[in-house]
Amino acid sequence: MSDKTKRIQSHFNGSHHPVVDFWRREVGGISSRSFSHRFSASENMVMRLEIDRKLAKHKGCVNTVSFNAQGDILVSGSDDRRVFLWDWEVGNVKLSFHSGHSNNVFQAKFMPFSDDRTIVTCAADGMVRRANVLESGKVETVLLGLHQGRAHKLCIEPGNPHTFYTCGEDGLVQRFDLRTQAPTELFTCQAVDPRRRNMEAAQLNAIAMDPRNSNLLAVGGMDEYARLYDIRRVQGDGAADHFCPPHLISDLHVGITGLAFSEQSELLVSYNNEFIYLFTHDMGLGSNPIPSEDKDDSRKDSVPMAYKGHKNIETVKGVNFYGPRSEYVVSGSDCGRIFIWKKRSGELIRVMEADRYVVNCIEPHPYIPVLASSGIENDIKVWTSKAAERATLPDINIETRKRKPRGWMYRVSSPQELLAQLFFLQNRSRFSEDRGEEEEEEEASSSSTGRELLDLILNFNNDDDEERVSDEDGVSRDDFFS
């Protein structure tokens, strides 16, 4: 390398502009792998993300999106109980099939090293199922196990083509080995706070496995603690560690909707009616967090990084990292936007208009700067860094919203009339089906009924509690139907 080249390279030392990094790669200053990582993690690429295409074939809310290991196929599942495999780059459907579930599909993932022919799913019916894509293109689905109540999430052991884990609202965590006939019930989560001991189990919404240590499994649900388990040493409900921001300990009004591990084994936790927090392993409260509240424990005073600005009240939202080394944090919001923060500083750098209603899922591509998002709408948005201009933060109010005790589901005070109306609307939907209408008309009727149900619940207490369902403290009808 010439002295001139070295001087120029030294002059640009520390800069991570894509053009500069491209030049460095060409002159041998950085390896192709380092260039790829820097390119994907570049803030410039994040600031140029925009919708590249919409994948629109589902006929219900899209609750899950996930890339295969190569990143060329996207799998999705929906309230329509169908699973789609997409060639997302051109927007074509490669394959679609009925999942075998009797209710909304909440998660669908490819098993690794299966040539993308094995897909596992969980759903609102509590079932856990496997779908096998045969050489003929036909799909066979089989029931693997069951939760009592909804099963929101599953996670796959990294690099293992046989083993995955599920959690459900019954508090149960199960391990599935596709080589055996029955799942293993590992443990049932119990409430930590004595004031919650009246619950049969701690309802679980989220599960994640450490990508650097497949023995460590995290779960979270309807209380304030994210629990970390060493699955080699599970006895009863003996969590190895608990994580919670200091100010949320003993808060009965929060719960966890999403979890994710970074490439550095940090644990990201998304709370409903609160913020997103990042925990390192030294921030844990131990295996029994209640006694630690009375101890002089420095770990209790460790304050995790917080990511603020989004709104997470109405649905069970996921949370994720973005970038090859988990450089960014991404989340959807009740306002229909996608929020992106810098992981290290917590700085909010992007707010992107995505859906008219709610964004629940954001899935990063395994290699390149691409995102897939979905939510209450029936389509999937694919985001690529092709915008001609760098985006700027929109002029919106991203300050901390005034907290309320509960989300809108908890404000129903007199169930009799509500149940009567729900019964009426459900019967009307069944009556429409019995008349033998065409499939498209049935699904339109079902969608209309679903909207009426949501409208009924959102407006149930308007007469007596109109102030509490204002835009400041709750969700109005316009938030969903504007």
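**Exercise 1. Overall composition and confidence**

Of the 482 residues of the protein chain, what percentage count as buried? State also how many helices and strands the chain holds, and where the confidence of the model is low.

*Solution.* The model is predicted, and the burial figure computed from it is 51% of the 482 residues of the protein chain. Turning to secondary structure, the chain contains nine helices and 28 strands. For contacts with a separation of 6 or more, 53% are accounted for by residues 24 or more positions apart. The confidence is then read along the chain: the average pLDDT is 81, and 71% of the residues score at least 70. Residues 4–15 stay under 50 in pLDDT, and for them the model has 16 contacts beyond four places in sequence. Another stretch, residues 430–445, has a pLDDT below 50 and six contacts in the model beyond near neighbours in sequence.

**Exercise 2. The nonpolar cores**

Identify the residues with the most contacts inside the largest nonpolar core, and find the strands that supply at least two residues each.

*Solution.* As background, nonpolar side chains tend to be buried together in soluble globular proteins. Here the largest nonpolar core comprises 25 residues, and those with the most contacts inside it are Ala 226, Cys 244, Leu 259, Leu 267, Val 269, Tyr 271 and Tyr 277. At least two residues of this core come from each of β14 (204–209), β15 (216–221), β16 (226–230), β18 (256–261), β19 (267–271) and β20 (276–279). A second core, separate from this one, has 16 residues, including Cys 155, Leu 186, Leu 217 and Ala 239.

The next step is to examine a single core member. Setting aside residues up to four places away in sequence, Tyr 271 touches Glu 224, Phe 243, Cys 244, Pro 245, Leu 248, Val 254, Gly 255, Ile 256, Tyr 277 and Asn 312. Tyr 271 also belongs to a cluster in which ring pairs link it with Phe 275 and Tyr 277.

**Exercise 3. An aromatic pair**

Classify the geometry of the ring pair Phe 187 and Tyr 229, and explain what this pair ties together.

*Solution.* The structure holds ten aromatic pairs. In the pair chosen here, the ring centres of Phe 187 and Tyr 229 are 3.9 Å apart and the planes meet at 20°, so the pair is stacked, given that planes under 30 degrees apart count as stacked. Because Phe 187 lies in strand β13 (residues 184–188) and Tyr 229 in strand β16, the pair ties together parts that are 42 residues apart in sequence. Both Phe 187 and Tyr 229 are buried.

**Exercise 4. An open sheet**

Give the strand order of the sheet that contains β2 and β5, and explain which strands stand at its edges.

*Solution.* Four strands, in the order β2-β3-β4-β5, form an open sheet with antiparallel pairing. The edges are β2 (62–67) and β5 (92–98), each having a single partner strand, so one side of each is left without a neighbour in the sheet. From one strand to the next, the twist averages 20°. Strand β4 (residues 82–87) runs antiparallel to β5 and is joined to it by six bridges, and the bridge partner of Val 83 in β5 is Phe 97.

**Exercise 5. The setting of Cys 335**

Locate Cys 335, and decide whether it is buried, partly exposed or exposed.

*Solution.* Cys 335 is found in the loop between β23 (328–332) and β24 (337–342). Its relative accessible area is 27%, so Cys 335 is partly exposed. Beyond its neighbours within four places in sequence, Cys 335 is in contact with Asp 355 and Tyr 357. The C-alpha atoms of Cys 335 and Asp 355 are 8.2 Å apart, for a sequence separation of 20 residues.

Notes:
Residues are numbered from 1 along each chain as its sequence is written. This is a predicted model: local features need pLDDT of at least 70, side-chain atom pairs count only at pLDDT 80 or more; totals for chains, interfaces and linings use all residues. Side-chain values use heavy atoms; hydrogens and water are left out. A nonpolar core is a set of buried Ala, Val, Leu, Ile, Met, Phe, Trp, Tyr and Cys residues joined through side-chain atoms within 4.5 Å. Buried means under 20% relative accessible area, exposed over 50%, partly exposed in between (1.4 Å probe, protein chains only). Contact means heavy atoms within 4.5 Å. Rings of Phe, Tyr and Trp (its six-membered ring) pair if their centres lie within 6.5 Å; planes under 30 degrees apart count as stacked, over 60 as edge-to-face and the rest as tilted. Two strands pair if DSSP finds at least two bridges between them. Axes are lines fitted to C-alpha atoms, for helices over the stretch in contact, and angles run from 0 to 180 degrees between N-to-C directions. pLDDT is the predictor's confidence in each residue, from 0 to 100.
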